[in-house]
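Me: Please take a close look at the aromatic rings in this structure. How do they pair, and what surrounds them?

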Amino acid sequence: MDIYKELQQELQEKNTQLIAVSKTKPNEKIVEIYEKGQRAFGENRVQELVAKYEALPKDIEWHLIGHLQTNKVKYIAPFVHMIHSIDSLKLLKEVQKQGAKLDRTMNVLLQMHIATEDTKFGLDKRELIEIVEFYMADPSPFTHIKIHGLMGMATFTDDKEQVKGEFKKLKELFDFCKSSYVLTDDFKEISMGMSGDYQLAIQEGSTMVRVGSMLFGSRN
Ligand SMILES: *Cc1c(COP(=O)(O)O)cnc(C)c1O
């Protein structure tokens with residue numbers, strides 16, 4: 001049985017979108033999965049994302065899932081489908097600026113810091129509130145931004161209870177935003193779960209999983 005088809009079937013039953021994480025993998029591997037019907041692919045580095053965008057079919061929806069530096073937003077702004085990794089107000093302002101320049105609505109998720117490791121990027125609750133309040137201001141300074149929800153990465157550990165607790169935290173932050181602000185129906189995504197923990201993430205309310213090594217094989 002084909003791993004891609006099996007996973008896609010499992011996710012469809014749970015109404016969860018698959019982002020196929022193709023970082024470090026060659027274009028031929030991406031095309032293989034594209035030909036099975038996959039359109040949403042995720043990359044974590046700007047340079048690699050731009051090169052793949054240029055070489056591959058134009059109906060691919062590219063998701064940037066890794067840390068984004070403000071000075072690199074301009075390279076992906078013309079084509080990126082969604083940026084999962086907004087981790088500062090400064091970065092969101094730059095995405096707004098580039099979106100306005102192109103008159104293109106930029107779809108984003110706010111990346112929350114839910115792991116115990118301090119190496120992982122992401123916002124804390126206070127920073128989340130600050131950004132959402134800017135976004136909700138009338139008139140909003142973010143004319144070319146659509147915030148679709150939150151993203152988070154759990155701690156890299158075998159401790160399932162810990163990972164589960166971190167996913168719960170992300171879901172609670174999502175519910176907090178929904179109940180505290182009059183957000184539109186666009187605010188509906190929770191991007192959490194990778195190869196090792198996607199089933200746990202779905203149990204805890206994920207709407208988008210970012211799966212790489214399970215589909216493409218392990219990375220060096
Ligand atoms: C690499 C990566 C993934 C995919 O990880 P796998 O364990 O290979 O499924 C998901 N999300 C982010 C942010 C990543 O950098």
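**Aromatic rings up close**

Reply: Start with tryptophan 62. In this predicted model, its relative accessibility is 1%, so tryptophan 62 counts as buried. The cut-off for buried is under 20%.

Now count the pairs. There are four aromatic pairs. One of them joins phenylalanine 41 and tryptophan 62. Their ring centres are 6.1 Å apart, and their planes meet at 45 degrees. That angle makes the pair tilted, because stacked needs under 30 degrees and edge-to-face needs over 60.

Where do these two rings sit in the chain? Phenylalanine 41 belongs to strand S2, residues 40-43. Tryptophan 62 belongs to strand S3, residues 61-64. The pair therefore ties together parts that are 21 residues apart in sequence. Phenylalanine 41 has 0% relative accessibility, so phenylalanine 41 is buried too.

Next, take phenylalanine 176 and tyrosine 181. Their ring centres lie 6.4 Å apart, with the planes at 90 degrees, so this pair is edge-to-face. Tyrosine 181 has a relative accessible area of 14% and is buried. Phenylalanine 176 reaches 22%, so phenylalanine 176 counts as partly exposed.

Phenylalanine 176 also has a charge over its ring. The charged end of lysine 125 sits there, 4.1 Å from the ring centre. Tyrosine 34 has such a partner as well: the charged end of arginine 39 lies over its ring, 3.6 Å from the centre.

Terms used:
Residues are numbered from 1 along each chain as its sequence is written. This is a predicted model: local features need pLDDT of at least 70, side-chain atom pairs count only at pLDDT 80 or more; totals for chains, interfaces and linings use all residues. Side-chain values use heavy atoms; hydrogens and water are left out. Rings of Phe, Tyr and Trp (its six-membered ring) pair if their centres lie within 6.5 Å; planes under 30 degrees apart count as stacked, over 60 as edge-to-face and the rest as tilted. Helices (H or I, at least four residues) and strands (E, at least two) are DSSP runs, numbered from the N terminus. Buried means under 20% relative accessible area, exposed over 50%, partly exposed in between (1.4 Å probe, protein chains only). A charge sits over a ring if NZ of Lys or CZ of Arg is within 6 Å of the ring centre and within 35 degrees of the ring normal.
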